[in-house]
Amino acid sequence: MTSQWHTKLRKYQLDAALRMSKPPMRGQLLAFPPGYGKTWTALAAPRQRFATKASDHPTTVVVTTALAKADWRRITKQFWPEAEFYSLGKEMQKYQRKDEPDEDFEARRDAPWHRMLKDPQGPGIIATSFDSAHRIIDYCVANDVLLDMTIIDEAHYIKYEGTLRAMSV
């Protein structure tokens with residue numbers, strides 16, 4: 001890791017981020033007590049993969065609660081300011097122009113996060129709620145986009161796999 005940013009982490013956070021940034025990355029659990037910096041640590045893993053060029057796809061998707069998306073934005077700006085941040089839902093175009101066809105409105109509304117997934121210009125974080133995660137998954141499947149890393153924040157929300165929320169992720 002570069003010394004410019006790893007000094008913001010405590011040793012236990014740095015150790016966890018390094019462990020999470022190396023394959024196999026599937027199904028890892030980060031379980032620190034409240035206030036121990038889980039968000040910073042989780043954000044350090046994709047940052048490390050980007051810094052070491054271990055990933056071909058620099059966009060990370062964060063699935064979280066609607067309220068926590070603002071925290072992810074704030075911490076991303078503090079910890080990884082060069083990463084583009086997009087909050088699926090909040091920043092989307094909400095109003096359709098007069099006489100604008102539905103297809104054109106949907107394309108204009110979804111263009112920023114589609115670009116971040118299909119043709120990323122640099123590191124990026126797309127934060128989405130559990131209820132909107134299916135949109136990203138559907139887009140990735142339809143366009144052959146392989147995500148390098150997905151972070152599920154507040155994973156206890158999906159502990160019952162038969163629920164609609166769990167199935168959306």
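A residue is called buried when its relative accessible area is under 20%. With that term in hand, the predicted model can be explored from its overall plan down to single residues.

The protein chain contains 7 helices and 4 strands. Following the sequence from its start, these elements appear in the pattern α-α-α-β-α-β-α-β-α-β-α. Of the 169 residues in the protein chain, 41% count as buried. Among contacts with a separation of 6 or more, 68% link residues that are 24 or more positions apart. The accessible surface of the protein chain amounts to about 10,200 Å², and carbon and sulfur atoms contribute 53% of that area.

The strands make a good place to begin a tour. They form an open sheet of 4 strands in the order β2-β3-β1-β4, with parallel pairing. At the edges of the sheet are β2 (84–87) and β4, each of which pairs on one side only. On average, neighbouring strands of the sheet are turned by 20 degrees against each other, direction ignored.

The pairings can be followed strand by strand. Strands β2 and β3 run parallel and are joined by 4 bridges; here Phe-85 has Ile-125 of β3 as its bridge partner. Between β1 and β3, also parallel, there are 6 bridges, and Thr-59 stands opposite Gly-124 in β3. Strand β1, made of residues 59–64, pairs with β4 in the parallel sense over 4 bridges. In β4, the residue opposite Val-62 is Ile-151.

Helices also pack on this sheet. Helix α5 (residues 102–118) touches β1, β2 and β3, and its direction makes about 135 degrees with that of β2. Helix α6 (residues 133–142) touches β1 and β3, with a direction about 130 degrees from that of β3.

Strand β3 deserves a second look. The strand is mostly covered, with 6 of its 6 residues buried. Gly-124, Ile-126 and Thr-128 point one way from β3, while Ile-125, Ala-127 and Ser-129 point the other way. Residues on both sides of the strand are buried.

One of these residues, Ile-125, reappears in the largest nonpolar core. This core has 20 residues, and those with the most contacts inside it are Leu-43, Trp-72, Ile-125 and Ile-151. At least two core residues come from each of α2 (11–20), α3 (38–51), α4 (68–79), β3 (124–129) and β4 (149–152). A second, separate core consists of 14 residues, including Trp-113, Met-116, Leu-117 and Ile-136. Back in the largest core, Leu-43 offers a helpful close-up. Beyond its neighbours within four places in sequence, Leu-43 is in contact with Trp-72, Ile-75, Thr-76, Phe-79, Trp-80 and Ile-125.

A final stop is Ser-21, found in the loop between α2 and α3. Ser-21 has a relative accessible area of 6%, and therefore counts as buried, since the cut-off is under 20%. A polar atom of the Ser-21 side chain lies 2.9 Å from the backbone oxygen of Leu-18. Once neighbours within four places in sequence are set aside, the residues in contact with Ser-21 are Ala-45, Gln-48 and Arg-49.

Notes: Residues are numbered from 1 along each chain as its sequence is written. This is a predicted model: local features need pLDDT of at least 70, side-chain atom pairs count only at pLDDT 80 or more; totals for chains, interfaces and linings use all residues. Side-chain values use heavy atoms; hydrogens and water are left out. Buried means under 20% relative accessible area, exposed over 50%, partly exposed in between (1.4 Å probe, protein chains only). Contact means heavy atoms within 4.5 Å. Accessible areas come from the Shrake-Rupley method with a 1.4 Å probe; for residues, only the protein chains shown count as cover. A nonpolar core is a set of buried Ala, Val, Leu, Ile, Met, Phe, Trp, Tyr and Cys residues joined through side-chain atoms within 4.5 Å. Two strands pair if DSSP finds at least two bridges between them. Axes are lines fitted to C-alpha atoms, for helices over the stretch in contact, and angles run from 0 to 180 degrees between N-to-C directions. A polar contact is a pair of N or O atoms within 3.5 Å; within protein, one must be able to donate a hydrogen and the other to accept it, and residues adjacent in sequence count only if both atoms are side-chain atoms.
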